[in-house]
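Reader: Could you take me through the side-chain contacts of this chain, with the reasoning behind each answer?

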Amino acid sequence: MMKMFVRKLLLATGFTLLVSSAQAAECLEVGGVAIPNFFSEGKGKPVIISATLMGSVTNASGKILAQRVTETGLEMDMEHYFGRADGGAVYTKDLGILTEIPGKPGRYMIEITYDVQDGRGRGTLEDYSGSFSSYGLVDLRDPEDLQGLVRYSGELCK
């Protein structure tokens, strides 16, 4: 009789903990493909980014705020606004790591980490936080026709 009581108690406690942890964090998978367009505003000014996205996010805009040459390519400080069709949006501060492709001057593999800024979510993404990432290719040879293609993925939670 005591064994049965202990089993029921453990089962009930486990179920309660499972329900509590599921309610504690509501998470949203994000993922898809982005086709960015880059617009140079002139020397010493940020490069503007506008992108069509396919997947859980539908649009993005942003800026390349600073750029540094590294041994393997470039680093970029960036910021983005990501929007969804349901009215949700988040603002991120980002670091882009660009690795030059050997034998292909001006073309880079890119990896970006997007960190959602606290209190900067709107609509259905209000109170979400976390980070997600992307990887892909960019062609920076022609300042009048900068191109890229990236795959993004991750999880945001509230």
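The exchange below concerns a predicted model and takes up the disulfide, the nonpolar core and the aromatic pairs in turn.

Reader: What is the handedness of the disulfide that joins cysteine 27 to cysteine 157?

Author: The search of the whole structure finds 1 disulfide, with an S to S distance of 2.0 Å between cysteine 27 and cysteine 157. This pair links distant parts of the chain, since cysteine 27 belongs to strand E1 and cysteine 157 to strand E8, 130 residues apart. The torsion about the S-S bond is about 105°, so the disulfide is right-handed.

Reader: Which strand supplies the largest share of the largest nonpolar core?

Author: This core holds 30 residues, and among those that touch the most other members are Phe38, Leu53 and Leu98. Strands E1, E2, E3, E4, E5, E6, E7 and E8 each supply at least two of its residues. The largest share, 5 residues, comes from E6.

Reader: How is the aromatic pair of tyrosine 114 and phenylalanine 132 classed, stacked or edge-to-face?

Author: Tyrosine 114 also pairs with phenylalanine 82, in an edge-to-face arrangement with 5.2 Å centre to centre and 90° between the planes. Tyrosine 114 and phenylalanine 132, which lie in strands E6 and E7 and are 18 residues apart, are both buried. Their ring centres are 4.8 Å apart with 20° between the planes, and planes under 30 degrees apart count as stacked, so this pair is stacked.

Reader: Over which ring does the charged end of arginine 120 sit?

Author: The aromatic cluster consists of Phe82, Tyr114, Phe132 and Tyr152, whereas the contact of arginine 120 involves another ring. The charged end of arginine 120 lies 4.1 Å from the centre of that ring, which belongs to tyrosine 91.

Methods
Residues numbered from 1 in each chain as written. Predicted model: local features only at pLDDT ≥ 70, side-chain atom pairs only at ≥ 80, totals over all residues. Heavy atoms only, no water. Disulfide = S-S within 2.5 Å. Helix = DSSP H or I, 4+ residues; strand = E, 2+ residues; numbered from the N terminus. Core = buried A, V, L, I, M, F, W, Y, C linked by side-chain atoms within 4.5 Å. Buried < 20%, exposed > 50% of the residue type's maximum accessible area, 1.4 Å probe, protein only. Phe/Tyr/Trp six-rings, centres within 6.5 Å; stacked < 30°, edge-to-face > 60°. Lys NZ or Arg CZ within 6 Å of the ring centre and 35° of its normal.
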